[in-house]
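Please look over the sequence and the model together, and then follow the explanation below one helix at a time.

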Amino acid sequence: MGLSPNDIFAPFELERARGIVAAVSGGSDSLALLFLLKDYLATLDNPPRLRAVTIDHRLREESRQEAEDVGALCRAHNIEHRILAWNEPKPASGLAAAARSARYRLLVQAAQEAGADYIATGHTQDDQIETFLMRKERSSHVEARGLAAMAARSRLENSVELIRPLLGVPRQRLRKDLIARGVAWVDDPSNVNADYERPRIRLTSAAEADAVRILEQIALAGAARKRDNAVLVAALAHPGCLAFDPCGSILLDADIYAALAENPRRLLSGLLASLAGGRRFLPGDAERSRIERVLCGQEESGRLTVFGALIERGKNGSPHRFRRERRNLPAMRLERGKEIVWDGRFHLTNRGGPAFDVGAPGRQELADFTEARGLVFDAGQREALMVLPALYREGRIVHLLALAAPNLPAKTCEGIHVERHFALFDHVLPGYDFGLAGAVESCLGRKCPNFCKPD
């Protein structure tokens, strides 16, 4: 029996989509995705616009011609097609990870340009098994969240939904479908290059694995991840569980935290460390355990720095505190009409004002700025300002964005709009964590009430 496009795609409710970008490399998995998706959309009364996009990573001489061949195939089947190239300098190490990051960035760009709200990729059941084995090899924790492997749905850059409809389909079934259609595919030689982690796993442990047993382990890990998330969502629903203080530190109710079981407790404190530090990933198992020991009073010190965050245990029942440590804070340029994410914590938009440099003020330049303007901040506010963005021109502070009222004039920002950015959620948010991210955002919100507003 052949594959059923309806069974594969109906759960994703694509009839609600404005447009879909299908990532098509020319390999068997992505071509099977494209033709199955085309068949499914043809059954809808008002199908969304479909565009195939090929990312040319410029890593092999043949890649451009292979991308052009995909374009010719798409034209033969009346499918829109576009090629985007990764033209940036290639790193000397971590090439696979950099290529993956570039691929998703370019796919998001393609989706935004096409007005599409979905990106579909051809990850298969084989890829899912390999992902599990890769993460298991790297993890020291038998209940590591990553063992749930790839989610069928994710959100990219807080704007586009990524779907993986073929995670339950073995690669060989997809190839049989393509053969029946008379469609040829290209095998990328990097897929069998054992210098890279995934091909190495594919040729060794995945080749010998019991697929049924691994899929059961993935399901168990996914269930455990959802269970821990549900515990935290319930805890976050308590009034006062989580909040920002006036200086921008994240405050966590110590009693609610102490009442959690060990796994959710470690997850919550690791999550808050990531948010405070502006990081895109959770701390590792060892770091999360260390944070938990400090907050539970099992370490002599009541504070530590980890993952870019300074974490302080609350005394006598007062809240635990998470804030950015004063190291490795970026300097960035914000041009007129542009937007940036600063330090993984703030999204700044220049709505037509002059260009600024954005950075965190040093102690002396902050003192000079406040003295020159007759401003008075207490010690806590000064420490907070040194990890928050300020606007510079010609190397000098011209505006403090944070803690503006009541000390600064109302009109100071010249069109600069600021809101919070949660790097852990806003870059790639797996579907497993949609509810958890929503609960955290309900507590913390995007608004920066102590930041000045644009003119």
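Helices here are DSSP runs of H or I with at least four residues, numbered from the N terminus. With that in mind, and remembering that this is a predicted model, we can begin with helix α16, which spans residues 434-444 and is followed directly by Gly445, a residue with a positive phi of about 75 degrees. Within α16, the buried residues are Leu436, Ala437, Ala439, Val440 and Leu444. Seen down the helix axis, these buried residues fall within an arc of 160 degrees, so they line one face of α16. Among the elements that cover them are the helices α9 (211-236), α11 (262-277) and α15 (423-426), together with the strands β7 (242-244), β8 (250-252) and β19 (428-430).

Helix α6, residues 171-181, can be read in a similar way, since its buried residues are Arg171, Leu174, Asp177 and Leu178. They lie on the same side of α6 because they cover an arc of only 120 degrees around its axis. Lys176, Ile179 and Ala180, by contrast, are exposed on the face turned away from that buried side. The cover over the buried residues includes α2 (28-41), α5 (125-138) and α7 (197-203), and after the helix comes Gly182, whose phi is positive, near 75 degrees.

A single residue completes the tour: Glu292, which lies in helix α12, residues 285-295. Because its relative accessibility is 2%, Glu292 counts as buried, the cut-off being under 20%. Leaving aside residues up to four places away in sequence, Glu292 touches Tyr257, Glu262, Arg265, Arg266 and Ser269, and with Arg265 its side chain forms a side-chain polar contact of 2.5 Å.

How values were computed:
Residues numbered from 1 in each chain as written. Predicted model: local features only at pLDDT ≥ 70, side-chain atom pairs only at ≥ 80, totals over all residues. Heavy atoms only, no water. Buried < 20%, exposed > 50% of the residue type's maximum accessible area, 1.4 Å probe, protein only. Helix = DSSP H or I, 4+ residues; strand = E, 2+ residues; numbered from the N terminus. Arc of directions from axis to C-beta. Contact = heavy atoms within 4.5 Å. Polar contact = N/O pair within 3.5 Å; in protein donor to acceptor, adjacent residues only side chain to side chain.
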